[in-house]
Each structure stands twice: as C-alpha cells, then as structure tokens.
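Hi,

Here is the structure I promised to pass on. Have a look at it first, and then read my notes underneath.

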Amino acid sequence: MEYNEFKGKTAISTGAASGMGLLFAQEWTALGGNVVMCDVNEKALNEKVDEINSKNGGKAIGVICDVRDYNQVCNARDKAVEAFGSIDIMCNFAGGTAVRMLNVDPSLEFPDIPIEVYDWGLDVNLKGQFYFDHAVMKQMREQKSGLIVNIGSITGMEGDGRGVDYPTAKSGAMFGLTKSLAQYGSKYGVRCVCVSPGPVLTRPGMAFMKTLLGRAAEPKEIIDLVLFLASDKGQFINGENIMIDGGRNAMGRWN
C-alpha cells in the first residue's frame with residue numbers, strides 16, 4: 001500500500017508500545033509520516049520509538065501518557081505540535097477489557113467486581129478517547145483540517161455480562177462521541193470516524209471468536225482501513241462507525 005500524501009503529515013497513536021497502536025505507528029512512518037507514540041509503558045515505548053527511528057530517520061517521538069489524565073493528554077498534544085507543527089490524524093488505540101487487563105478473579109460476577117475495576121475500564125476506553133479528541137480538536141480547529149479515529153469494538157454491539165465497562169465505553173465511542181465530533185468538526189474541516197473491529201489476532205484468544213468468514217482479522221487489516229480513511233480516497237467518510245468484523249455482527253445470535 002502506498003499513500004504519498006502522508007509524507008510530512010503527523011499522527012498521534014495511543015497504546016503505541018504494542019498491538020495495533022504500534023502497528024499503525026510503524027505503517028504510518030513507513031509511508032513517510034511523523035508519529036507521536038503515547039503509552040504508559042516507558043521502557044517498551046522507548047524501545048519501539050528507537051526501532052522505528054532506526055528504519056525511518058527520526059520520524060517518531062515517544063510521550064509517556066496515561067490516557068485517564070487530561071493534563072498528560074494535553075502534554076502529548078503539545079509535544080506533537082512542538083515537534084512537527086501539526087496534528088493530522090488522531091488514533092485512539094489505547095484500551096482493553098478491565099476484568100482481563102486487571103486480572104480480576106474469574107469467579108466474580110458483575111455485582112461482585114469492585115467498582116474501581118469498572119472505573120478503570122470506563123476511563124481508559126471512553127474518557128481516554130474523549131480526552132484526546134477534546135485536546136486535539138483545538139489544534140485541528142486552528143489548522144482547519146484533521147481526522148480523529150475512535151476505536152470501537154464488536155463488543156459494543158454484543159454486550160458483555162461480566163466485563164460490562166467495555167461494551168458500555170465502546171458503544172459510547174462508536175455512536176455518541178463519533179457523531180457529535182463529526183457534527184462539531186465539519187465546519188472546521190475536521191472529520192471523525194470510528195473503526196470497530198471484531199476479533200483481531202493481537203492475542204491468541206481472539207482466534208476462537210466466530211465470524212462468518214471463519215477467522216479473526218490480521219491486525220494489518222484493521223490498520224489498512226485506518227490508512228484508507230486518512231488517505232485522499234477516504235475523505236468523504238465522516239461521522240460513521242465502520243464495523244470490520246468478518247461478518248460477526250451479521251451472525252444470528254444463536255451461533
């Protein structure tokens with residue numbers, strides 16, 4: 001895939017020390033773009049930034065950032081502008097189901113799981129996206145251009161009777177947040193789109209989720225969609241939630 005229009009353009013990627021946040025950063029810089037990589041894992045982040053710069057000549061910087069902290073989010077935005085002069089695409093990859101990420105006892109059910117666990121999930125998966133969207137919109141409004149990519153999930157359509165925070169947060173990003181920002185941003189040349197994956201092979205368990213295509217997605221398939229949205233060919237897509245789930249959402253719920 002070649003997108004010559006990305007040369008010199010700047011992206012912010014959260015959750016960028018691993019998974020799809022990292023893959024996006026790698027692909028974006030390989031296409032000539034600059035990237036600000038945000039993550040809470042300082043050691044892993046620095047390693048990945050160095051790795052990208054060794055291949056692509058200083059096009060990446062790392063910023064330690066907890067997406068739950070608005071001051072840290074604003075610092076990441078400011079670092080991006082200081083280093084590269086613009087923010088052309090914001091990609092909100094940071095996230096995860098709290099009961100899995102925080103290693104909650106699997107015997108605990110919804111009413112028994114500490115509310116602090118769900119607070120973490122709501123903060124990371126919804127408020128983290130909201131915070132970054134709010135912060136970068138100020139810069140995008142000034143430059144009168146930009147694309148915000150929120151990340152949803154098939155779980156936002158299906159629900160989860162135990163990890164309740166995750167579908168709650170993701171459905172908020174998929175619909176209310178994305179549509180609202182598209183409405184506001186359009187008068188300033190700023191688009192907002194949500195990409196909602198089904199199972200993705202970022203961890204082994206995803207291979208067991210059923211889809212109509214009989215497989216989980218390769219991470220690059222998700223990133224290729226994000227790159228298309230940012231490209232000249234994707235400019236008429238705005239305010240939409242795009243499912244990329246191998247047909248899982250179209251399956252009968254009895255499957």
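Keep in mind that this is a predicted model. I'll begin with Lys187, which sits in the loop between α7 (165–185) and β6 (190–197). Lys187 counts as exposed, because its relative accessibility is 59% and the cut-off for exposed is over 50%. If you look across from there, the C-alpha atoms of Lys187 and Ser145 are 9.8 Å apart, with the two positions 42 residues apart along the chain.

Next, the helix just before that loop. α7 has a kink of about 40°, centred on Ala173. Ala173 is also one of the buried residues of α7, and others include Tyr166, Met174, Leu177 and Leu181. What do the buried residues of α7 pack against? The list is α4 (98–101), α5 (115–143), β5 (146–151), α6 (155–158), β6 and β7 (241–244).

Now for the nonpolar cores. The largest one has 36 residues, and Phe24, Trp28, Met37 and Ile89 have the most contacts inside it. Two or more residues of this core come from each of α1 (19–30), β2 (34–39), α2 (42–56), β4 (89–91), β5, β6 and α8 (219–230). α8 gives the most, with seven residues. There is also a second, separate core of 33 residues, and Leu177 from the kinked helix belongs to it, along with Tyr131, Val136 and Met137.

If you want one residue to click on, try Ile89: leaving out residues up to four places away in sequence, Ile89 touches Phe24 and Trp28, and also Met140, Leu147 and Val226, among others.

Cheers

Technical notes: Residues are numbered from 1 along each chain as its sequence is written. This is a predicted model: local features need pLDDT of at least 70, side-chain atom pairs count only at pLDDT 80 or more; totals for chains, interfaces and linings use all residues. Side-chain values use heavy atoms; hydrogens and water are left out. Helices (H or I, at least four residues) and strands (E, at least two) are DSSP runs, numbered from the N terminus. Buried means under 20% relative accessible area, exposed over 50%, partly exposed in between (1.4 Å probe, protein chains only). The bend at a residue is the angle between axes fitted to the seven residues ending there and the seven starting there. Contact means heavy atoms within 4.5 Å. A nonpolar core is a set of buried Ala, Val, Leu, Ile, Met, Phe, Trp, Tyr and Cys residues joined through side-chain atoms within 4.5 Å.
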